[in-house]
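Let's walk through this model together, starting with how its helices pack and ending with how its two chains meet. Keep the structure open beside you as you read.

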2 protein chains.
Amino acid sequence: MRTYFDCIPCFLRQTLDAVRALGLDLPLQEGVLRKVLAACSALDLGQSPPVMGQRIHRVIREAAGSADPYAEMKERFNHLALGLYAECRGLVERADDPLETALRLAIAGNVIDAAPKSGLNEEDVRRSMLQALTDPLDGDVKEFSRAVAGSRDLLYLADNAGEIVFDRLLIERIGADKVTVAVKGSPVINDALLADAAVAGLTSIVEVIDNGSDAPGTILEDCCEPFRKRFARADLVLAKGQANYETLSETDRDVFFLLKAKCPLIARDVGCSLGSMVVRRSGRATAAPAPRDRGRTRRLEEVQRR
Amino acid sequence: MRTYFDCIPCFLRQTLDAVRALGLDLPLQEGVLRKVLAACSALDLGQSPPVMGQRIHRVIREAAGSADPYAEMKERFNHLALGLYAECRGLVERADDPLETALRLAIAGNVIDAAPKSGLNEEDVRRSMLQALTDPLDGDVKEFSRAVAGSRDLLYLADNAGEIVFDRLLIERIGADKVTVAVKGSPVINDALLADAAVAGLTSIVEVIDNGSDAPGTILEDCCEPFRKRFARADLVLAKGQANYETLSETDRDVFFLLKAKCPLIARDVGCSLGSMVVRRSGRATAAPAPRDRGRTRRLEEVQRR
């Protein structure tokens with residue numbers, strides 16, 4: 001997905017929310033804002049929004065004087081999710097369709113996001129989990145189930161710390177033996193790293209690799225060679241969260257995007273309503289890609305023109 | 001009022017709304033955004049937000065290839081307001097307190113704002129006018145009445161085209177003989193110019209001068225010498241709209257700010273709730289300025305830190 005004009009005010013809003021949530025002092029906040037403004041003035045709009053996200057968070061880490069300013073938040077989110085794991089696993093085991101329930105809980109876990117919701121508590125997440133069991137799911141669960149059942153070599157792209165605990169529920173239903181999980185190569189926002197996968201108990205049941213990158217989502221050119229090979233080899237990719245959609249929506253691989261649509265532009269690009277839980281297969285894998293692609297191109301133009 | 005960090009995403013949001021409302025083509029929109037981003041990266045935060053507003057709208061006019069891209073919108077707003085003038089004048093004449101009613105209608109006229117509400121129609125404005133008669137008014141109307149009655153040389157700083165028609169109602173109640181109206185020196189957004197004052201019928205009842213500036217609000221250093229002398233000589237200034245508050249809130253003149261608080265930061269700076277109709281006297285003229293100023297300084301710091 002390209003960067004829309006509307007992303008620009010939002011980059012600055014997010015930057016400001018982040019430096020405030022991290023408690024940077026005012027001169028540091030100002031310095032970060034000025035650097036992000038200068039970077040945005042020369043931005044390549046043909047690239048996906050996480051390319052700027054990567055730059056913004058490099059600037060923020062430098063200003064914070066910390067390689068991982070979200071470390072404490074990630075620990076808190078992991079702890080919070082682990083506190084709900086047993087209850088959620090029970091829900092999956094007792095469900096009529098355990099795979100669908102695990103899928104719903106994994107998508108609901110995507111509410112665990114960075115700065116703006118740093119005040120998130122266990123009760124908020126628990127409520128979100130329970131609501132996900134009955135909320136409408138925008139996507140074809142049967143198609144998802146068939147694809148997952150048919151896959152022999154599945155790559156699961158994780159998103160945030162905390163959320164990764166709920167990913168485990170889905171991975172256990174899919175069958176850990178055929179799944180590889182990928183996390184980020186180094187810290188960016190509250191995205192999951194190898195340490196978070198370990199805390200979530202994933203490293204002991206599946207192979208977990210890192211993508212070598214500090215970008216939100218999956219910017220393939222920025223990922224390490226072993227990850228790219230693994231990505232190319234997978235017969236199916238499950239990609240969690242908005243940033244993975246933004247960076248991979250035009251891929252030629254067979255990808256299912258699993259996300260909560262929290263941004264109106266992404267919701268529009270996906271073709272879903274804001275706030276919905278989404279399961280979307282990448283364009284190339286649909287039965288009739290051509291007409292859908294034409295419709296999509298029109299929609300993109302409308303968004304930029306709006 | 002200084003420029004808050006939160007103003008920066010908003011400058012970009014407003015820029016985008018403006019270039020879209022004016023129908024600039026996509027490459028022009030992009031060029032404007034990049035120039036505004038570069039200007040913001042070097043912004044002096046000690047200055048008031050309309051300093052950037054002036055720069056933004058110079059960039060927009062250049063890109064639009066028009067000295068007054070809002071000309072058509074202003075004409076429409078004037079026409080719309082003139083269509084309501086007789087009805088509003090009747091309301092003032094039949095009111096128990098005609099000055100307060102005229103004051104309320106003049107403030108309500110401040111809903112006539114640029115780009116985001118370009119779809120505003122007569123019925124919207126009419127509804128806003130009628131509602132203003134009963135909505136709470138945040139300010140001391142008695143103090144306002146006394147100050148106006150005691151003034152012999154009043155300067156009225158107009159805001160937008162259309163709105164200026166409703167200013168006429170208030171000016172007529174104050175007594176046109178002691179009032180001078182000031183408009184902008186050249187086009188900026190939909191701010192009123194001499195031509196709009198003429199269409200509103202003001203030029204035939206009061207002296208109307210222009211301030212020599214193309215900035216929103218009143219940036220004194222940017223205004224012409226005759227206007228500055230007039231401003232210094234006035235025994236009372238009535239200043240309409242948010243931009244006049246932003247640029248003059250720290251003046252040592254005796255100013256009443258009359259506005260609808262449409263921006264959360266301005267509302268916070270004023271100390272009123274968002275959306276309210278406000279009458280505020282400048283700090284120097286209050287009975288006990290010192291404690292109020294201390295409170296205000298604390299509030300400002302909180303806003304930047306938020």
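Helix axes here are lines fitted to C-alpha atoms over the stretch in contact, and angles run from 0 to 180 degrees between N-to-C directions. Helices (H or I, at least four residues) and strands (E, at least two) are DSSP runs, numbered from the N terminus. Please bear in mind that this is a predicted model, in which local features need pLDDT of at least 70, side-chain atom pairs count only at pLDDT 80 or more, and totals for chains, interfaces and linings use all residues. Residues are numbered from 1 along each chain as its sequence is written, while chains are lettered from A and ligands numbered from 1 in the order in which they are written.

With that in hand, look at the first helix pair. H1(A) and H2(A) pack with their axes 10 Å apart, at an angle of about 160 degrees. The two helices H1(A) and H2(A) are therefore roughly antiparallel, a term for angles over 145 degrees, whereas those under 35 count as roughly parallel, 65 to 115 as roughly perpendicular and the rest as oblique. The crossing of H1(A) past H2(A) is right-handed, that is, the near helix is turned clockwise from the far one by less than a right angle (anticlockwise would be left-handed). On the H1(A) side, the contact is made by Ile8(A), Phe11(A), Leu12(A), Thr15(A), Leu16(A) and Val19(A), and H2(A) answers with Gln29(A), Val32(A), Leu33(A), Val36(A) and Cys40(A). Contact means that the C-beta atoms of two residues, placed from the backbone, lie within 7 Å. By class, these residues divide into 9 nonpolar, 2 polar and no charged; Ala, Val, Leu, Ile, Met, Phe, Trp, Tyr, Cys and Pro count as nonpolar, Asp, Glu, Lys and Arg as charged, and the others, Gly among them, as polar.

H1(A) also meets H3(A). Their axes come within 11 Å and cross at roughly 30 degrees, which makes H1(A) roughly parallel to H3(A). This crossing of H1(A) and H3(A) is right-handed. Cys7(A), Phe11(A), Thr15(A), Ala18(A) and Val19(A) of H1(A) make the contact with Pro49(A), Met52(A), Ile56(A) and Ile60(A) of H3(A). This contact has 8 nonpolar, 1 polar and no charged residues.

Now step back to the domains. Chain A is divided into domain 1 (7-64) and domain 2 (71-305), with bounds that come from an automatic or database domain assignment. Their centres, taken over C-alpha atoms, are separated by 24 Å. Domain 1 of chain A brings 11 residues to the contact and domain 2 of chain A brings 14. On the domain 1 side, H1 and helix H3 (49-64) of chain A each supply at least two residues, and H3(A) gives the most, with 6 residues.

Which elements of chain A give two or more residues to the side that touches chain B? They are helix H1 (7-21) and helix H2 (26-41). The contact takes 18 residues from each of chain A and chain B. H2(A) gives the most to the chain A side, with 8 residues, and that side divides into 10 nonpolar, 3 polar and 5 charged residues.

Finally, consider the symmetry. A turn of 180 degrees with a shift of 0.0 Å along the axis lays chain A on chain B with an RMSD of 0.0 Å, when superposed by least squares on the C-alpha atoms of residues with pLDDT of at least 70 in both. That is the relation of a two-fold axis. The same surface serves both copies, as 100% of the contact residues of chain A recur in chain B.
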